Amino acid sequence: MIIVHAVADERAVVRGWRLAGESVALVPTMGALHAGHMALVAAAKAQADRVIVTIFVNPTQFGAGEDLASYPRKDLDDLAMLQVAGVDLVVMPTVAEMYPDGFATKVRVEGLTSVMDGAARPGHFDGVTQVVAKLLNQAQADWAYFGEKDWQQLAVVRRMVADLDLPVEIVGVPIVRAEDGLALSSRNAYLSAAQRVVAARFNVILASATAQVLAGMGGSQACGLAVEALGEAGFDKVDYVECRDAASLRTVELPLAGQARIFGAVHLGRARLIDNIAV
């Protein structure tokens, strides 16, 4: 496994692969890897000859008062996991490498970024599209893999890639959950033992809202009941629970099965958790 920190070194490695006629997959991460990330790596390895994983905690997608300084960083553990998984190249750029003096370019997707996490975390998706555009351009991969837990992020990245004619296919990988249903997340490490018990109710309550919509209840009513249930379950704050079209992210009341998802975001202690379930 090769480890590099500079874009020029990454491109030199990829150039050699291309000359050998090999295909390339990219898995962008912020580190603190878990089984969800490794599912992305497994999907990439199943499709491509060579796999790149990037580890970069991107400061431009964190807002004021968010957890940039405390975001989990476990580089040695991450590298060990990637070595065992058979990753070919790990790219670990510095902030100065990604955003050198004089950096002044933004990449913004309109519409999809104004709702849900875009409304709750102003500017977040501008940072996401900025860094993902750079990572895709640096790697020049055939495929890039993103988890469906961050469904809105996945939709935003797909829109950006289509609009900018970037020569890469974006692949979504299903959510990996703990045995009790909680979606795996690096931020789950913030949860105390007691909070972890409460957190397991998140997926259960979203699943209940999904069942209610499938049974004919309007999306807004089902989501309103879910907000009440989350408060009663002990979550500190609910940013949103919404029923939206899976592709356009427009709000829908009575969706056709398979065309919508229930999305939610909650706060519990230091952790902000997100999840979504197909209707």
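This is a short look at the nonpolar cores and one helix pair in a predicted model.

Cores first. The largest nonpolar core has 43 residues. Which of them touch the most other members? They are Leu26, Ile52, Val132, Leu136, Met160 and Ile170. Several elements give two or more residues to this core. On the helix side, those are H1 (7-19), H6 (124-139) and H7 (151-163). On the strand side, they are S2 (24-29), S4 (89-91), S5 (143-147) and S8 (260-268). H6 supplies the largest share, 8 residues.

Take Leu26 up close. Leaving out residues up to four places away in sequence, Leu26 touches Ile52, Thr54, Leu135, Leu136, Ala139, Ala141, Trp143, Ala144 and Tyr145. Apart from this core lies another one, of 30 residues. Among its members are Phe62, Val213, Leu268 and Leu273.

Now the helix pair. Two packed helices are described by the angle between their axes and the distance between the axes. Here the pair is H8, residues 193-214, and H9, residues 219-233. Their axes come within 9 Å. They cross at roughly 160°. Angles over 145 degrees count as roughly antiparallel, so H8 and H9 are roughly antiparallel to each other. The crossing of H8 and H9 is right-handed.

Which residues meet? From H8, we have Val198, Arg201, Phe202, Ile205, Ala209, Gln212 and Val213. From H9, we have Gly219, Ala222, Leu225, Ala226, Ala229, Leu230 and Ala233. By class, that contact has 11 nonpolar, 2 polar and 1 charged residues. Val213 turns up in both parts of this talk: it belongs to the core of 30 residues, and it is one of the H8 residues that meet H9.

Notes:
Residues are numbered from 1 along each chain as its sequence is written. This is a predicted model: local features need pLDDT of at least 70, side-chain atom pairs count only at pLDDT 80 or more; totals for chains, interfaces and linings use all residues. Side-chain values use heavy atoms; hydrogens and water are left out. A nonpolar core is a set of buried Ala, Val, Leu, Ile, Met, Phe, Trp, Tyr and Cys residues joined through side-chain atoms within 4.5 Å. Buried means under 20% relative accessible area, exposed over 50%, partly exposed in between (1.4 Å probe, protein chains only). Helices (H or I, at least four residues) and strands (E, at least two) are DSSP runs, numbered from the N terminus. Contact means heavy atoms within 4.5 Å. Axes are lines fitted to C-alpha atoms, for helices over the stretch in contact, and angles run from 0 to 180 degrees between N-to-C directions. Angles under 35 degrees count as roughly parallel, over 145 as roughly antiparallel, 65 to 115 as roughly perpendicular and the rest as oblique. A crossing is left-handed if the near helix is turned anticlockwise from the far one by less than a right angle, and right-handed if clockwise. Ala, Val, Leu, Ile, Met, Phe, Trp, Tyr, Cys and Pro count as nonpolar, Asp, Glu, Lys and Arg as charged, and the others, Gly among them, as polar.
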